[in-house]
Amino acid sequence: MKNNSSNTLKCPLCQSAELDHLFQANDYISLDPFIVYRCACCDLAITKAELADKNISNYYGRGYYGQRKFLVESIINYIRVMAISRLKKFAPSLSLLDVGCGNGTFMMSMRKRGWQAFGTEIAPTGHMRGCAGEFIKLGDFKKSDFSKNSFDVITMWHSLEHVEDPLGYLIEARRVLKDNGALVAEIPNFRSLQARIFRENWFHLDVPRHLFHFSPKSIGILFQKAGLENIIIRRSSLVYGFFGCLQSFLNVLSVKKNLFFDFVNSKVFLSNMYQNNKKDLFINIIFFVPALIASVILFLAETIIGKSGIILALGRKSVK
Ligand SMILES: [Zn+2]
């Protein structure tokens, strides 16, 4: 399953040629334009680089990797640790692989709780926590060559939408999972209320780094094709879901997108914002509280109707 850039466009998940052109969206860092298509059969949406650089790795350079503020990172990490720790009731001693583990925070927290946790990461090592390095395998997960039946749990926190071959990733994950092991993937929901309202301004669209945009239907088909069973799809995530609403509201109002996100991730400081994006900085400050209130309403509304901004998908490798 590869997102080829050929003229004859086919869905990489179900091979259908029925792809609907949805809209154009710009990378918020380089401002390069990308087209988002959606498959009419399986509901998978795809980012195409028709008018811009087709080498997507060029869009991960300077300005992409940040370091979250401690409080934000702690909250996100705590929610993840709690979600996965609940799986422990299925087996007494658990091993875990976090694919796309970033700086290793989640993986290290699981180690502290007694798990045999490891990570893989394709990004440069510069932003990693020093002590995490020895438990992280660098490079493409598909080429990382773990033995089969190695892990009880594999997690993919916001990494599946970044990879060229998500089906290949899931097939490899199933191979290295133990029997009855669980794969947990958290991804943005392209069928959420916030995605529909904000379209090209939607924070979690993040073209071109998000090559694929999943929905409950398409992630279910992907898990099935990878041979996973007992698939459960949950539609909720407090931090990412709520932040998606807030940053998307602010994106509609300002020329420079994701200003608040860049601030939270320490990519830009107030003094730089004042110097380079004075007008947008004031717009963000003036409209922050109204956007916050609107985000609470939107977040509650989409949660109640089951169209939250984030999907948590869980599948198991069943014993045949
Ligand atoms: Zn399709």
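## A tour from the whole chain to one helix pair

Of the contacts in the protein chain with a separation of 6 or more, 71% join residues 24 or more positions apart; a contact means that two C-beta atoms, placed from the backbone, lie within 7 Å. Before you click on, note that this is a predicted model, in which local features need pLDDT of at least 70, side-chain atom pairs count only at pLDDT 80 or more, and totals for chains, interfaces and linings use all residues. Residues are numbered from 1 along each chain as its sequence is written.

**Start with everything shown.** The C-alpha atoms fill a box of roughly 60 × 45 × 40 Å along the principal axes. The protein chain's radius of gyration is 19 Å, which agrees with the value near 20 Å for a compact globule of 320 residues; the radius is taken over C-alpha atoms, and the globule rule is 2.2 Å times the number of residues to the power 0.38. Switch to cartoon and you have 10 helices and 11 strands to explore. These are DSSP runs numbered from the N terminus, with helices being H or I of at least four residues and strands E of at least two.

**Colour by domain.** Select 70-186 + 219-236 + 312-316 for domain 1, then 241-302 for domain 2. Such bounds come from an automatic or database domain assignment. Over C-alpha atoms, the two domain centres are 30 Å apart.

**Colour by burial.** Buried residues make up 43% of the 320. A residue is buried if 20 or more other C-beta atoms, placed from the backbone, lie within 10 Å of its own, exposed if 12 or fewer, and partly exposed in between.

**Next, select helix 3, residues 166-176, and helix 5, residues 216-225.** Their axes lie 9 Å apart and meet at an angle of about 50°; axes are lines fitted to C-alpha atoms over the stretch in contact, with angles from 0 to 180 degrees between N-to-C directions. Show Pro166, Leu167 and Leu170 of helix 3 with Leu222, Phe223 and Lys225 of helix 5, and you see the residues that make the contact.

**Stay on helix 3.** Its buried residues are Pro166, Tyr169, Leu170, Glu172, Ala173, Arg174 and Val176. Around them, bring up strand 4 (95-99), strand 7 (151-157), strand 8 (177-188), strand 9 (212-213) and helix 5, against which they pack.

**Last stop: glutamate 50.** Look in the loop between strand 3 (45-48) and helix 1 (70-85). Glutamate 50 counts as partly exposed because 13 C-beta neighbours lie inside 10 Å. Add isoleucine 35, 15 residues away along the chain: the two C-alpha atoms are separated by 7.0 Å.
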